[in-house]
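Me: Please choose one spot in this protein and give me a close look at it. After that, carry on to the other local features that you would want me to see.

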Amino acid sequence: MTSPFTLHSQASDCAARRGEVRTLHGTVQTPVFMPVGTQATVKGVTPENLKELGAQIILGNTYHLYIRPGHELIRSFGGLHKFMNWDQPILTDSGGFQIFSLKDLTKITEEGAAFKSHLDGSKLFLSPEDAVAVQEALGSDIMMCLDTCIPYPATREEAIASTDLTGRWAKRSRAAHKERGQLLFGIIQGGMYPDLRAKAVEELVEVGFDGYALGGLSVGEPAELMMEITEEIAALMPADYPRYLMGVGTPENLVEAVYRGIDMFDCVMPTRNARNGMLFTSSGRLVIKNARHQDDQRPVDEECDCYTCRHYSRAYLRHLFMAREILSSQLNTIHNLHYYVGLMARIRKAIEEDRFAQFRQEFYAKRTVE
């Protein structure tokens, strides 16, 4: 199988790497952060905003789009790209994590996941084959296999059963994959048991996918454990294929995971936190509702050149947030996503110049605001 990934640079003193992933809607430079657009929109911003701030690829969610407005309707519009007016790459999650998070409404069997809609309680079913078919209808550039996410903590027996089922579903997903122009990634589960994850890597590589994702992390485990698992398993993932760490995370998580060899990330944190008034800056997190920002004429981050920081003061952003104005969410989201996208651009440059370890030290040295 030909890999869509090309490695351009490898750090000499850590596992950080610089590459690119080729897709139907363009080439993605890695390491990359993917803003989350669960329901065919990244909350608070337009596709034009996303392009202006430099986003290369966004994420949509199979579960949510399957329920509303429906994949067949989206297919009738020519796919998700045309439906939402986004002509750059899209990755769609299979819905496994959403099914996991709605476990009280879900029953997992060998055949797939039977669940009730969180909207109206209607009974629905999603098999591995269905998940692939729905994503093919959506027309995403990168599709994910349906998997079973393991909670933390979980017994070894629970982890074995769930990981084995994910492996069987992965084989079925690959067999169902018809639109070979669309990439299909396998998901490595195994809970907090490194040997189970190592076995999962072997089995997925034997099946053969276009990329490999670490799933089931950032589900409540300590950050140190998450990075231990990431480091150990990333080293086992094929070097000539893209490596994706799902649902992670903070700026610190991104820097640490890149240090350990990860290429792709997604997380709702920059958009969700923006709506809640927490902004990411070069010196740490800033809570805009705090009274000290009431008459502050400075931008959120004096090192930032995003639209928000070029035009608005902390005092104005605090006013919008306290007044619950819709513009608050939009301006905060533009800033946070610009910060994340910019962080990844700086990371890529540091790897190219073989100074990522130094970049990592400087990143932490500057973080003073909380």
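Reply: Happy to, and let us begin with Thr109, which counts as partly exposed because its relative accessibility is 30%, a value between the 20% that bounds buried residues and the 50% above which a residue is exposed. Please keep in mind that this is a predicted model. Thr109 sits in the loop that runs between strand E7 (106-108) and strand E8 (113-116). In space, the C-alpha atom of Thr109 is 8.9 Å from that of Leu165, although the two residues are 56 positions apart along the chain.

Leu165 falls within the range of helix H7 (156-176), and H7 brings us to a cavity, since H7 and helix H8 (194-207) are the elements that give two or more residues to the lining of the largest cavity. The count comes to one cavity of 30 Å³ or more, and the largest cavity holds about 50 Å³ of space. Its lining is made by Thr163, Thr166, Gly167, Ile187, Gln189, Ala200, Glu203 and Leu204. By class, those residues divide into three nonpolar, four polar and one charged.

The largest pocket is another place to explore, with a volume of about 790 Å³. Its lining has 34 residues, and Phe97, Gln98, Gly247, Val268 and Arg272 are the ones that lie nearest its centre. Strand E5 (58-61), helix H2 (62-67), helix H5 (96-101), strand E14 (264-267) and helix H11 (269-275) each give two or more residues to that lining. The largest share, four residues, comes from H5. Sorted by class, the lining of the pocket has 13 nonpolar, 16 polar and five charged residues.

From H2, one of the pocket's elements, you can follow the chain into the loop between H2 and H3, where Pro69 is placed. Arg68 and Pro69 are joined by a cis peptide bond, with omega at about 10 degrees. A second cis bond to look at links Thr30 and Pro31, with omega at about 5 degrees; Pro31 is in the loop between strand E3 (26-30) and strand E4 (32-35). Most peptide bonds are trans, and most residues other than glycine have a negative phi. On the phi side, Arg324 has a positive value of about 60 degrees although it is not a glycine. Arg324 lies in the loop between helix H13 (314-322) and helix H14 (326-352), and it counts as exposed because its relative accessibility is 78%. Asp354 also has a positive phi, near 50 degrees, and lies in the loop between H14 and helix H15 (356-365). With a relative accessibility of 35%, Asp354 counts as partly exposed.

On either side of Asp354 in the numbering are Glu353 and Arg355, which form a salt bridge with their closest N and O atoms 2.6 Å apart. Arg355 is partly exposed at 26% relative accessibility, and Glu353 is partly exposed at 40%.

The structure holds 21 salt bridges, so here are two others. Arg360 pairs with Glu256, the closest N and O atoms being 2.9 Å apart. Because Arg360 lies in helix H15 and Glu256 in helix H10 (residues 251-259), this pair ties together parts that are 104 residues apart in sequence. Arg360 is partly exposed, with a relative accessible area of 22%, whereas Glu256 counts as buried at 10%. Both residues belong to a network of salt bridges that links Glu231, Glu256, Arg260 and Arg360. Elsewhere, Asp296 forms a salt bridge with Arg314, and the closest N and O atoms are 3.6 Å apart. Asp296 lies in the loop between strand E16 (284-287) and helix H12 (307-311), and Arg314 in helix H13, so the pair ties together parts that are 18 residues apart in sequence. Both residues of this pair are buried.

To finish, look at a nonpolar patch on the surface, about 260 Å² in area and made by Leu73, Phe77 and Phe83. Leu73 is found in helix H3 (residues 71-76) and counts as partly exposed because its relative accessibility is 37%. Gly211 makes a good contrast: it is in strand E12 (residues 211-214) and counts as buried, with a relative accessibility of 0%.

Notes
Residues numbered from 1 in each chain as written. Predicted model: local features only at pLDDT ≥ 70, side-chain atom pairs only at ≥ 80, totals over all residues. Heavy atoms only, no water. 1 Å grid on protein atoms, 1.4 Å probe; cavity = no way out; pocket = protein on both sides within 12 Å on 5 of 7 lines; lining within 4 Å. Points joined across faces, edges and corners; volume = space filled by probe spheres on them. Nonpolar A, V, L, I, M, F, W, Y, C, P; charged D, E, K, R; others polar. Patch = residues over 30% accessible without salt bridge, like charges linked within 9 Å, V, L, I, M, F, W, Y side chains within 5 Å. Areas by Shrake-Rupley, 256 points an atom, 1.4 Å probe, with all protein chains shown as cover. Salt bridge = Lys/Arg side-chain N within 4 Å of Asp/Glu carboxyl O. Buried < 20%, exposed > 50% of the residue type's maximum accessible area, 1.4 Å probe, protein only.
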